[in-house]
Amino acid sequence: MGFQLRVPFRPWNWLLLLVALKCSRASSDLNESTNSSAQHDLNVRFAAASFEPAETISVFSLDYDYVQIPYEVTLWILLASLAKIGFHLHPRLPGLVPESCLLIAVGALVGAIIFGTDHKSPPVMDSSIYFLYLLPPIVLEGGYFMPTRPFFENVGSILWWSGLGALISAFGVGLSLHLVCRVPAFGLGDVTLLQSLLFGSLVSAVDPVAVLAVLEEARVNEPLYMMIFGEALLNDGISVVLYNILIAFTKMHKFEDIEPVDILAGCARFVVVGVGGVFFGVVFGFISAFITRFTENISAIEPLIVFMFSYLSYLVAETLYLSGILAITACAVTMKKYVEENVSQKSYTTIKYFMKMLSSVSETLIFIFMGVSTVGKNHEWNWAFVCFTLAFCQIWRAISVFALFYVSNQFRTFPFSIKDQCIIFYSGVRGAGSFSLAFLLPLSLFPRKKMFVTATLVVIYFTVFIQGITIGPLVRYLDVRKTNKKESINEELHTRLMDHLKAGIEDVCGQWSHYQVRDKFKKFDHKYLRKILIRKNLPKSSIVSLYKKLEVKQAIEMAETGVLSSAGFSVPRPAQRIQETKRLSPEDVKSMRDILTHNMYQVRQRTLSYNKYNLKPQTSEKQAKEILIRRQNTLRASVRKGHSLPWGKPVRGGRTHYLATTLRRRPA
């Protein structure tokens, strides 16, 4: 069978047929062009690949360039940590040699290896890294662990010495070096006055923290220790502010002359930068204390709040061209007073150790980079400049110490002796701050930057290795007045009583002194600040109830061991019934010891000793045992003399055998 379909012929059918044929031809042309272009591209790729080695999936590959910087920095820190472990294995070595000597020696060893292998060290030091990441942890740690009471007792002398001492030393060294540079024979004619002053400001930035461990081992008197500690805390901030102002003057002098109005503006800026930084630090400290009022149920973020607000105070101050160093110092001191009472014990421990770790890592990197920079070709040696710099640093340090303390001693009740002033002069050790400021000098403004860095390294090496190692024997040779930091509870209570007494006498006499200022601040603090910043539901101290429990517990223990049986006494029926029916459980004893550890015996440590690299071990358990032993000895002595028992009844001679028998037969 066949099937045929007849379509009638019409004109529009021809038109459709022509359009379809045209479209199919265009489509075939397009496909041919596309295939030819694709084939051409494919041929080009194969041709290019024929001249390159074939890439295959490798089982093992190495990409050291990708991880070079963090890898080498990690190795630096690990090497320094291992060196510290070996350094502290000898118990007396940290008290004789500053730890910075060890870090510089390790850095010099690493630098020798890098120089010998012709390897390029990682760029771990530039302006932003130093000022934004390495410097804040060092300053925060110093401010947070500052002993507040001794510091504020000597705050006038500390500010007088730290501020004016840094200015006198900076301008004295700078002007003296400028006079030396004017001598044609030395070949230093291209060093200008501003460059000399700037170099004087950075080389005068002392870092006596390196010798604090040695002075603590020697147990020097508290005012001397606090003067050196205060200088270490504030000198960096003052030197950095002066450094930045002189940098601005140097940039200005490159395009225009400096007028007297600019100098007055720079002096005013010096004051505004310092005061503004302290203001912002206190404000951020108050904000962090207020926020930690409400972190009772989320204590995990308490350390984060402390670190973030302290760092934020530094960044805000630097944003407004204020002193970030003084800001973070003031913030740390404020948080130490208020935040510590709000955070939990675990958060407080985390804050302490993490702060120590950050500071140690930052200083380790700076000192190791200093040692690495020592070995290399990037130095310019000029005998005249280096020797005169070292001599002028010592001369102007001595002038500032003896002149300023001669004035301050006129207003002090207990003046600093000549021996104390000699130790303050000798503790002027240069450290990480001086090297960092010299290394960060802009080469466009300072063509002799290599000479400045070389002279700074010579001063640092001399002061750290010579003065840092010999300051301990010098303290012993001069027989500097020592102090006894172990105060009893009685001495602490009498100290506070005398503070109130002196404040009252000053109020009656109309005399305005630091005792009156302290008393007024305490009243304002308890009336307003503590109500706003401190939690309301803080646990109260239960020393009285603890004392009663300890009395009963120790009497029972002494009776069980037979200590009281030889004295002969009888216990009234109610007391005996209490002893028989209410025996303290091990949980009660443990809770009493915990209360004793955290509430009763801490006042013996009025001024915690400061160590830059280590935290003091916890001695609360040892102190608690000492109190128990002393109390037990006191009870034994009172029983032998026939005194009354702790619950107030007199000792009687009858029924001794009955009590001893009853106590011995009592089931455990």
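**Notes on a predicted, all-helix chain**

1. Let's start with where to be careful. Across residues 643-668 the pLDDT stays under 50, and the model has 45 contacts beyond four places in sequence for this stretch. This is a predicted model, so please keep that confidence score in mind as you look around. Residues 600-610 also stay under 50, with 41 contacts beyond four places in sequence.

2. How does confidence look over the chain as a whole? The mean pLDDT is 75, and 68% of the residues reach 70 or more. Confidence is lowest in helix α24 (residues 656-665), where the mean is 41, and highest in helix α14 (residues 383-408), where it is 93.

3. Now for the overall make-up. How many helices and strands does the protein chain have? There are 24 helices and zero strands. Of the 668 residues in the chain, 44% are buried. Among contacts with a separation of 6 or more, 83% join residues 24 or more positions apart.

4. Next, have a look at the largest nonpolar core, which has 124 residues; Leu215, Phe385 and Ile423 touch the most other members. Helix α9 (residues 222-253) gives this core its largest share, 16 residues. Domain 1 (127-478) and domain 2 (485-536) each supply at least three residues to the core.

5. Phe385 is a good residue to click on. Setting aside residues up to four places away in sequence, Phe385 touches Leu177, Cys181, Leu188, Phe199, Met451, Phe452 and Ala455.

6. Ile423, another of the core residues named above, also takes part in a helix pairing. The axes of helix α15 (residues 418-426) and α17 come within 10 Å and cross at roughly 170°. Why call them roughly antiparallel? Because angles over 145 degrees count as roughly antiparallel, the label fits α15 and α17. On the α15 side the contact is made by Lys419, Cys422, Ile423 and Tyr426, while α17 contributes Ile466, Gln467, Thr470, Ile471, Leu474, Val475 and Leu478.

7. Is helix α16 (residues 432-439) largely enclosed or largely open? Seven of its eight residues are buried, so α16 is largely enclosed by the rest of the structure. The buried ones are Ala432, Gly433, Ser434, Phe435, Ser436, Leu437 and Ala438.

8. Tyr338 shows how residues far apart in sequence can meet. Tyr338 sits in helix α12 (residues 324-342) and is buried, with a relative accessible area of 2%. Its C-alpha atom is separated by 6.9 Å from that of Leu533, although the two residues are 195 residues apart along the chain. Leaving out residues up to four places away in sequence, Tyr338 touches Phe286, Ala289, Phe521, Asp525, Leu529, Arg530, Leu533 and Ile534.

9. Finally, two backbone angles deserve a second look. Most residues other than glycine have a negative phi. Tyr321, however, is not a glycine and has a positive phi of about 60°. Tyr321 is found in the loop between α11 (302-319) and α12. Is Tyr321 buried or exposed? With a relative accessible area of 61%, Tyr321 is exposed.

10. Asp479 is the other one: its phi is near 55°, a positive value in a residue other than glycine. Asp479 lies in the loop between α17 (449-478) and α18 (489-509). At 53% relative accessibility, Asp479 counts as exposed, because the exposed class begins over 50%.

Definitions and conventions
Residues numbered from 1 in each chain as written. Predicted model: local features only at pLDDT ≥ 70, side-chain atom pairs only at ≥ 80, totals over all residues. Heavy atoms only, no water. Helix = DSSP H or I, 4+ residues; strand = E, 2+ residues; numbered from the N terminus. Buried < 20%, exposed > 50% of the residue type's maximum accessible area, 1.4 Å probe, protein only. Contact = heavy atoms within 4.5 Å. Core = buried A, V, L, I, M, F, W, Y, C linked by side-chain atoms within 4.5 Å. Domains from an automatic or database assignment. pLDDT = per-residue confidence, 0-100. Axes fitted to C-alpha atoms, helices over the stretch in contact; angles between N-to-C directions. Parallel < 35°, antiparallel > 145°, perpendicular 65-115°, else oblique.
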